[in-house]
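This briefing covers the nonpolar core, the domains and one helix with its preceding loop. The structure comes first, then the points by topic.

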Amino acid sequence: MDFELTEEQVMFRDMARKFAEQEILPTLIQNEREEKFDTRLIKKMGKAGLLAPHLPQEYGGLGLDYITAAVIWEQLCYASIAVTQAATSGPIQPGTNLLDAGSEEQKKKWLPGVCSGDTIFSGAVVEPNAGSDSTRIETMAVRDGNNWVLNGNKIFISNGYEADLILVVAQTDKSKGAKGLASFLVEKDTPGYSATMQLGRISWRGGSEGALRFNDCVIPLENQVSEAGRGLRDALRGIDTARLLLSIGAVGMCQCCLDACIKYGKERVQFGKPLGGHQLVQGTIAEMATKIEAARLLTYRVADLKTRGIRHIKEMSYAKYFATEAALWITAEAVKLHGSFGTFDEYPVGHHYQDAITLTILGGTSNIHQLTIGQQLLEMPAFTG
Amino acid sequence: MNIIVCVKQVLDPDIPPAKFKVDSASKQVVPPEGIPPVINPYDAQAVELALRLKEKQGGKITVLTVGSDGADKAVKYAISMGADDGFVLSDEVFEGSDSFSMAYILSKAVEKIGEYDLVLCGRQAADWDEGLVGSIIAESLGTSLVTLAEDAEVVDEGLKVKRVTLDGYQAFIVPTPAVVTVSNEVGQARLPSGLGIISAARRQIPVWKAADTGIDPSLVGSAAARRKLFALSVPARERKCEIIEGETPAEAATKLAERLREAGAI
């Protein structure tokens with residue numbers, strides 16, 4: 001086992017950090033205050049080659065392994081997980097899904113634009129009545145001659161409002177449950193499709209979420225990606241990549257908090273010595289660093305399995321569950337260590353603290369991942385009787 | 001247009017001051033643990049200007065650096081930005097070379113490459129800030145020279161260079177081949193691209209030793225240095241706090257101004 005990053009990974013790490021410093025941080029505070037995501041960042045990331053490190057070069061990605069992708073994502077999330085997730089969600093979730101399940105024609109038509117940032121791509125699974133339980137999806141797709149007709153609603157869709165292209169999971173036969181779910185590509189100008197921005201979040205304010213509506217939205221047959229029975233399973237392949245981003249994103253935000261705490265702990269003097277000289281603070285710093293290192297290694301481990309195509313359901317849940325719950329604790333401790341200063345958004349710990357709670361929800365809640373781990377270890381169903 | 005860019009690795013200028021240490025006995029900077037050197041920022045800007053010229057004119061960009069273990073990283077960084085090729089000049093006899101010797105080493109490499117229209121260097125290295133090597137390369141090669149360039153473009157007569165001055169710029173038209181040193185006014189150097197990193201990281205950078213370029217060993221290294229460093233130390237800085245008081249804010253401000261004048265601060 002070699003735990004050292006390769007020269008290429010070091011170069012990507014350094015480049016991604018500089019990109020985040022130059023392109024994300026300068027506008028982050030203002031955009032968070034205005035609850036705004038600047039979609040121009042997507043094109044900038046596409047130009048830099050940071051948008052789709054994991055997708056093959058033949059479709060416009062970099063064709064890198066998932067550990068290198070994770071190295072890149074950690075550095076971007078050091079600045080902001082919400083902004084990084086908003087910018088990369090297209091190539092990561094629906095992009096991976098389309099790569100795995102799409103026809104060659106669909107991949108050649110759409111993925112290059114997704115990788116360059118010219119096409120904003122959203123994956124639409126979640127609905128008002130279908131969150132963790134995707135089998136309750138109510139959006140219907142009904143065959144009508146050479147077309148499919150979509151009706152229904154989706155919510156909490158990353159870049160849903162801005163999307164040029166949406167990969168929608170919809171039900172083709174209510175009586176079949178998950179076995180009736182299929183997926184379809186919908187272009188934004190399709191009659192019957194509309195989207196609104198979802199505002200008022202207390203977290204993830206640098207990102208973007210939208211609500212989608214399909215009202216007799218007619219799409220051609222060739223826009224079907226996954227056939228009935230594979231819609232959810234194929235979508236989960238993309239969600240799996242999103243979980244990797246969220247796990248390593250948690251590591252990135254926590255590393256930022258730790259670095260800020262170490263700096264502050266050396267500079268801030270209270271009771272006659274630097275904060276860092278107090279044993280309780282040293283204990284907190286040690287706990288933070290240990291959790292971060294553990295989360296990073298869990299994530300690298302699953303990234304390696306994913307790269308090699310080895311089944312990794314349990315390992316992904318270990319990483320996602322541990323890293324995001326650790327982030328909740330670490331970011332809160334980081335704010336506390338900074339005292340009242342930490343509650344202002346000029347300090348990096350504040351916005352990471354705001355975003356941490358969302359990490360434990362997106363890509364499967366912590367409870368879902370606990371159930372997944374338990375189910376795998378006990379070999380007993382956890383989600384159904 | 002064939003462009004050669006000379007780059008150097010320096011201590012990362014962004015390291016915290018507390019990490020900067022020198023060994024006064026050996027008169028050398030102590031490399032901070034865990035913080036690798038980086039390409040000199042001015043040299044990265046020279047690569048940036050080279051890339052802009054190439055985007056307009058086409059051609060090839062070759063990068064040269066002098067150094068030992070790890071020096072190839074500076075070349076690879078330039079390649080990840082978009083340069084085409086590069087070489088490391090490394091030999092034990094180069095140890096302790098001063099600016100004159102460095103310029104000689106680089107000039108010999110430029111001559112070995114042969115076909116070139118332009119040699120670009122950063123205006124100075126961010127470690128010692130001497131700004132000598134570019135000018136001496138021009139002298140060695142016998143080419144025209146413009147220092148402190150903020151922009152350059154190819155014209156019929158050769159190269160038109162905007163040179164930074166205190167209150168504006170000078171415009172020179174020089175025949176090629178030419179040597180130009182690039183100032184920070186050229187603007188921010190682009191970041192490496194993803195595909196550029198893949199191309200650079202997977203490449204083996206050739207190493208040229210002294211004999212490969214016909215370098216006379218008696219003209220390089222510490223024995224050939226034309227100047228000696230007598231002492232190297234970090235200046236001690238003392239800080240003390242003095243509270244200036246007054247009956248009114250205006251009186252306190254007046255006393256503060258007087259005190260600052262006494263101290264020679266204003």
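A nonpolar core is here a set of buried Ala, Val, Leu, Ile, Met, Phe, Trp, Tyr and Cys residues joined through C-beta atoms within 7 Å. The model is a predicted one. Its largest nonpolar core has 188 residues.

**Nonpolar core**

- The residues with the most contacts inside the largest core are A:Phe184, A:Cys254, B:Val5, B:Ala78, B:Leu106 and B:Leu120.
- Helix H6 of chain A, residues 231–267, gives the most to this core, with 18 residues.
- B:Leu106 touches B:Cys6, B:Leu64, B:Val66, B:Val133 and B:Ile137, leaving aside residues up to four places away in sequence.

**Domains of chain A**

- The domain assignment splits chain A into domain 1 (7–116), domain 2 (121–228) and domain 3 (233–378).
- The centres of domain 1 and domain 3 of chain A, taken over C-alpha atoms, are separated by 20 Å.
- Between these two domains of chain A, 25 residues of domain 1 are in contact with 27 residues of domain 3.
- On the side of domain 1 of chain A that touches domain 3, the elements giving two or more residues are helix H1 (7–33), helix H3 (66–79) and helix H4 (81–101) of chain A.
- H4(A) gives the most to that side of domain 1, with 12 residues.
- By class, that side of domain 1 of chain A has 12 nonpolar, 9 polar and 4 charged residues.

**Domains of chain B**

- For chain B, the domain assignment gives domain 1 (2–224) and domain 2 (238–266).
- The centres of domain 1 and domain 2 of chain B, taken over C-alpha atoms, are 47 Å apart.

**Helix H6 of chain B and the loop before it**

- Helix H6 of chain B has 14 residues, 249–262, and at 1.5 Å a residue should span 20 Å. Its end C-alpha atoms are 20 Å apart, which agrees with that expectation.
- None of the 14 residues of H6(B) is buried, so the helix lies largely in the open.
- B:Gly264 follows H6(B) and has a positive phi, near 80 degrees.
- B:Asp216 is found in the loop between strand E13 (207–208) and H6 of chain B.
- B:Asp216 has 11 other C-beta atoms within 10 Å; a residue counts as exposed at 12 or fewer, so B:Asp216 is exposed.
- The C-alpha atoms of B:Asp216 and B:Ile3 are separated by 25 Å, with the two residues 213 residues apart along the chain.

Definitions and conventions:
Residues are numbered from 1 along each chain as its sequence is written. Chains are lettered from A and ligands numbered from 1 in the order in which they are written. This is a predicted model: local features need pLDDT of at least 70, side-chain atom pairs count only at pLDDT 80 or more; totals for chains, interfaces and linings use all residues. Helices (H or I, at least four residues) and strands (E, at least two) are DSSP runs, numbered from the N terminus. The expected span of a helix is 1.5 Å times one less than its number of residues. A residue is buried if 20 or more other C-beta atoms lie within 10 Å of its own, exposed if 12 or fewer, and partly exposed in between; C-beta atoms are placed from the backbone. Domain bounds come from an automatic or database domain assignment. Two residues are in contact if their C-beta atoms, placed from the backbone, lie within 7 Å. Ala, Val, Leu, Ile, Met, Phe, Trp, Tyr, Cys and Pro count as nonpolar, Asp, Glu, Lys and Arg as charged, and the others, Gly among them, as polar.
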